[in-house]
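Notebook open, structure on the screen. I'm jotting down what I look up as I go.

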Amino acid sequence: MVRMTNVCKAYENGTKALRGINATIEDGEFVFLVGPSGSGKSTIIKILTGEIAPTLGEISINGYDLNSIKPSQMPYLRRTLGVVFQDFRLIDKKNVYDNVAFAMRAVGASSKDIKRRVPYVLELVGLDTKTRRKPNELSGGEQQRVAIARALVNNPRLIIADEPTGNLDPARSLEIMMLLERINKLGTTVLVVTHEKELVNRFSKRVIAIDGGRVISDGMDGYYNYES
Amino acid sequence: MNRNRFGYFAKEGISSIFNHGFMSFASIGVIVACLIIMGSFTLLSLNVSAMIEKWESENQMLAFVDETLSDDQAKALESKIEEIPNVADAIFVSRDQALSQYLSKYNDNDLFKDIDSKVLRHRYIVYLKDISMMKDTMQQVDDIVGIANVSAHIEISEGFTTVSRIVATVSIIIIVVLLIVSMFIMSNTIKLATFDRREEIAIMKMVGATNGFIRWPFVFEGLILGLLGALIAFLAQWGLYALLTVEITKSSKINVIEVLPFGRLALPLLGIFIFTGFVVGIGGSLTVIRKYLKV
């Protein structure tokens, strides 16, 4: 579960990126976080993943209180999260299997667990036939699937997808969104950050819209009703 | 660290060495060069120390006994001289012994055959523990009642002491400077490797890898480079030393210099090289990786 109470963030140069965000995301929810460029979406993602700290306000994620978390505890919080980026962030010299297995190795999983879990996740994202391919031998949609598999492989409680379809054509974008929806149905909470209005409106999900560092709407009607 | 993880870290460290082949080669080269220069100064310093020690042990003072003392009184001074802390040994030489030594120098030349031993004094050959304290010791021997005067080559002893101090100081300065240079270059190599893998590190951080887990492959890389450099440098140093020893022994001009056998120096030198390789390798990688872990 994610709970943000009056979260503010001011950068050192004086920019006020967040001006009192209040939102709660329950376990098992699928939520779109939408807003125009500079609205504060990326700042929220950075705060949720522990890259930066809020200036004010209270945040708890998956049982961790970000206001009082010790640096040594941060890796354990991150193990409850799976993050998907717009630019995939795959390791070029590793093949599909190793890119996914790498995330498990990084948290100290045993070889036995890796051999059992990675093929399952690759099958889930539809890449079980391309395990030996390098990222540059895959299409954009396939690369994003690898990134989703990597985010999923450590069985996180929350997947945060930051503009996951930003580099994809509409058909591939829809496929990725459907994959995320499928993952959500398997029990993982999903938070998708996007500004693609048409895509959001195809799914009947909760939409949190922000602008100028504030929440301007939070509806369960699945409608992206903000004009960016 | 379990065996599974150890294997992973070692594998990652080794593959990084090959992935950054040129930089790895360059850093091993620099470590080897620095260690050889460092080792050469260490060996020079050890040889000079051994030589000075030898010369020190041969360096002596002569304490002449007052001629008014009887033979027994003169011999009784031995214990008083040996009571002085810096005196290693005091050997009594009677007038007669002194004369025969004197005459033997001149092959029993007829010119000196009528010399009476009475013209000479009883004396003590005094060996010192530390020739840098020769002046003080000389005064202490001179102060003993019954000693007429003391003769010593103060300037030679001071020369030995100065040379010894200069060699030790220069060696230490060069060793420290080279150690810092090696560490700096090693840091730069690891910095390049780390820069190349910053995305990988960011991903590791994002999926929840601990700093220790991220750090270990770099530590292994630094360690392997450092130890490999140390081993190559040791073998090269061995070869150079052996070559130099042969040349010195063959030379008619400098064969008075006694070179210590490498066998006597090999273990301490290997120890110094491995320790330096270890410190430079691990120190270099740890200082760099710290910066990238602050995410």
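What share of the contacts in chain A with a separation of 6 or more comes from residues 24 or more positions apart? I get 66%, taking two residues to be in contact if their C-beta atoms, placed from the backbone, lie within 7 Å.

Ground rules before going on. I'm looking at a predicted model, where local features need pLDDT of at least 70, side-chain atom pairs count only at pLDDT 80 or more, and totals for chains, interfaces and linings use all residues. Residues are numbered from 1 along each chain as its sequence is written, while chains are lettered from A and ligands numbered from 1 in the order in which they are written.

**Chain A**

I find seven helices and ten strands here; helices (H or I, at least four residues) and strands (E, at least two) are DSSP runs, numbered from the N terminus. Of the 228 residues, 43% are buried, meaning 20 or more other C-beta atoms, placed from the backbone, lie within 10 Å of the residue's own.

Next I checked the largest nonpolar core, which has 74 residues. By nonpolar core I mean a set of buried Ala, Val, Leu, Ile, Met, Phe, Trp, Tyr and Cys residues joined through C-beta atoms within 7 Å. Leu33(A), Val100(A), Ala149(A), Ile159(A) and Ile160(A) touch the most other members. Helix H3 (residues 96-106) of chain A gives the most to this core, eight residues. Apart from this core I see another one of 21 residues, including Ile31(B) and Phe273(B).

I then looked up Ile160(A) itself. Leaving out neighbours within four places in sequence, its contacts include Ile45(A), Leu48(A), Val83(A) and Leu191(A).

**Chain B**

This chain has nine helices and four strands. Of its 295 residues, 31% count as buried. Among contacts between residues at least 6 apart in sequence, 85% join residues at least 24 apart.

How are the strands ordered in the open sheet of chain B? I read S2-S3-S1-S4, with antiparallel pairing; strands pair if DSSP finds at least two bridges between them. S2 (87-93) and S4 (147-151) of chain B are the edge strands, each pairing on one side only. S1 (residues 60-65) and S3 (residues 123-128) of chain B share five bridges, and Ala63(B) stands opposite Tyr124(B).

Last, the helices on this sheet. Helix H3 (residues 71-82) of chain B lies across S1, S2, S3 and S4, at about 175° to S2(B). My angles run from 0 to 180 degrees between N-to-C directions, with axes fitted to C-alpha atoms, for helices over the stretch in contact. Helix H5 (residues 134-142) of chain B also touches S1, S2, S3 and S4, and its direction makes about 165° with that of S4(B).

Notes
Buried ≥ 20, exposed ≤ 12 C-beta atoms within 10 Å, placed from the backbone.
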